[in-house]
Amino acid sequence: MINHVIRYGAHVATAQEAGAPIVALESTIISHGLPRPANLTVAKEIEATVRAAGAVPATIGMIRGEIVVGLDEDEIAHLAASDDVVKLSVRDLAPAAATRRDGATTVAATSAVAVKAGIPVFATGGLGGVHRGAASTFDESADLTALSRLPIAIVCAGVKSILDVGATLERLETLGVSVVGYGTSRFPGFYLTDSGFDLDWSVDDAEGVAGIIRAARAHDVHGGALVVANPLPVDEQLDPALHDRVLAEGLAGLEREGVTGKDVTPYLLSHFHEATEGRSLDVNVRIILRNADLAARIAAAL
């Protein structure tokens with residue numbers, strides 16, 4: 001019988017004992033977010049980027065029912081290559097553990113495990129959010145409610161531009177999730193530098209983000225997340241005209257093929273990859289590497 005505890009990779013356990021800065025990393029980008037073989041290559045690049053910026057990477061996932069904080073190289077390779085990896089949100093962790101599944105953690109699940117493990121900073125690509133048409137489908141990501149109750153700083157390039165960005169920002173406000181722009185007062189749109197929405201708060205360096213985290217800890221009145229929105233430079237974003245055309249085609253495909261729920265995001269990301277002939281993948285990789293670097297610098301500043 002499996003012992004349902006969280007296992008720590010040797011490098012993470014050593015870092016915790018030494019009080020070294022640690023950055024949590026999700027595993028769905030490995031199993032569901034990027035095509036093979038780029039997924040494994042990028043997973044290694046993400047961890048290397050965190051190390052180069054002065055922190056220890058802790059990629060979180062599930063191996064045969066066991067939650068692992070700090071997957072090793074073989075475990076990451078397994079999640080990258082297997083066709084039987086379950087996408088795990090918070091609600092899925094216990095059922096997957098009880099049935100001894102291999103699983104990759106979403107933003108929500110990664111955040112929850114990271115907080116349990118005492119890791120205060122998390123790097124991802126883009127958040128989940130409110131889906132287009134949610135007024136009738138009620139379809140929104142579990143990321144939002146998870147971040148309303150988890151005290152973690154999450155570095156991202158905003159929410160995926162395939163979502164309803166305005167509605168997502170409204171929900172984040174309602175849920176009490178703090179959002180700050182890194183070097184910007186505009187909310188980024190994942191592939192796009194600017195989603196078209198203003199932000200109330202911005203910071204210019206990693207120490208500024210660390211200062212906000214320290215203030216929240218000192219107050220001890222707010223248990224939600226801090227979203228650090230880190231936009232791509234304008235010259236590195238996906239061409240906006242190409243983005244809008246491909247998005248419109250992808251949304252039409254969703255309706256035509258009846259794709260709903262948790263299958264929406266993988267479908268649209270795959271469509272972007274194919275329709276842009278790999279350009280969206282290049283942008284996606286730049287996003288996660290930039291966010292990993294910033295998250296590591298924030299963790300070090302703490």
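## Helix H3 against helix H13

In this predicted model, helix H3 and helix H13 make a right-handed crossing. Their axes come within 8 Å and cross at roughly 25°. Angles under 35 degrees count as roughly parallel, and H3 and H13 are therefore roughly parallel to each other.

Which residues meet here? H3 brings Ala-38, Val-42, Glu-45, Ile-46, Thr-49 and Val-50 to the contact. From H13 come Leu-281, Val-285, Ile-288, Leu-289, Ala-292, Asp-293 and Ala-296. Sorted by class, the contact of H3 with H13 holds ten nonpolar residues, along with one polar and two charged.

## Helix H3 against helix H4

H3 also packs with helix H4, which spans residues 73-81. The axes of H3 and H4 come within 9 Å, and the crossing angle is roughly 145°. As you look at the pair, you will find that H3 passes H4 in a right-handed crossing.

On the H3 side, the residues that meet H4 are Asn-39, Leu-40, Ala-43 and Glu-47. H4 answers with Ile-76, Ala-77 and Ala-80. The contact of H3 with H4 divides into five nonpolar residues, one polar and one charged.

## An enclosed cavity

Now for the empty space inside the model. The count comes to one cavity of 30 Å³ or more, and the largest cavity has a volume of about 60 Å³. Leu-25, Glu-26, Ile-29, Ile-30, Ala-43, Ile-46, Thr-59, Ala-123 and Ile-288 form the lining of the largest cavity.

Which elements give two or more residues to this lining? They are helix H2 (28-33) and helix H3 (38-52). By class, the lining has seven nonpolar residues, one polar and one charged. Some of these names may look familiar: Ile-46 and Ile-288 line the largest cavity and also take part in the contact between H3 and H13. Ala-43, another lining residue, is among the H3 residues that meet H4.

## Helix H11 against helix H12

Further along the chain, helix H11 (residues 240-257) packs with helix H12 (residues 264-275). Their axes are 10 Å apart, and the angle is about 135°. Angles over 145 degrees count as roughly antiparallel and 65 to 115 as roughly perpendicular, with this value in neither range; H11 and H12 are therefore oblique to each other. The crossing of H11 and H12 is right-handed.

H11 contributes His-243, Val-246, Leu-247, Glu-249, Gly-250, Leu-251, Gly-253, Leu-254 and Glu-257 to the contact. H12 supplies Val-264, Tyr-267, Leu-268, His-271, Phe-272 and Ala-275. By class, the contact of H11 with H12 has nine nonpolar, four polar and two charged residues.

## Backbone details in the loops

A few loop residues are worth a look while you have the structure open. Is the peptide bond from Arg-36 to Pro-37 cis or trans? This bond is cis, with omega near 0°. Pro-37 is found in the loop between H2 and H3.

Arg-64 has a positive phi of about 50° although it is not a glycine. You can find Arg-64 in the loop between strand E3 (56-63) and strand E4 (66-69). Glu-277, also a residue other than glycine, has a positive phi near 55°. Glu-277 lies in the loop between H12 and helix H13 (279-301).

Note on methods:
Residues numbered from 1 in each chain as written. Predicted model: local features only at pLDDT ≥ 70, side-chain atom pairs only at ≥ 80, totals over all residues. Heavy atoms only, no water. Axes fitted to C-alpha atoms, helices over the stretch in contact; angles between N-to-C directions. Helix = DSSP H or I, 4+ residues; strand = E, 2+ residues; numbered from the N terminus. Left-handed = near helix turned anticlockwise from the far one by under 90°. Contact = heavy atoms within 4.5 Å. Nonpolar A, V, L, I, M, F, W, Y, C, P; charged D, E, K, R; others polar. 1 Å grid on protein atoms, 1.4 Å probe; cavity = no way out; pocket = protein on both sides within 12 Å on 5 of 7 lines; lining within 4 Å. Points joined across faces, edges and corners; volume = space filled by probe spheres on them.
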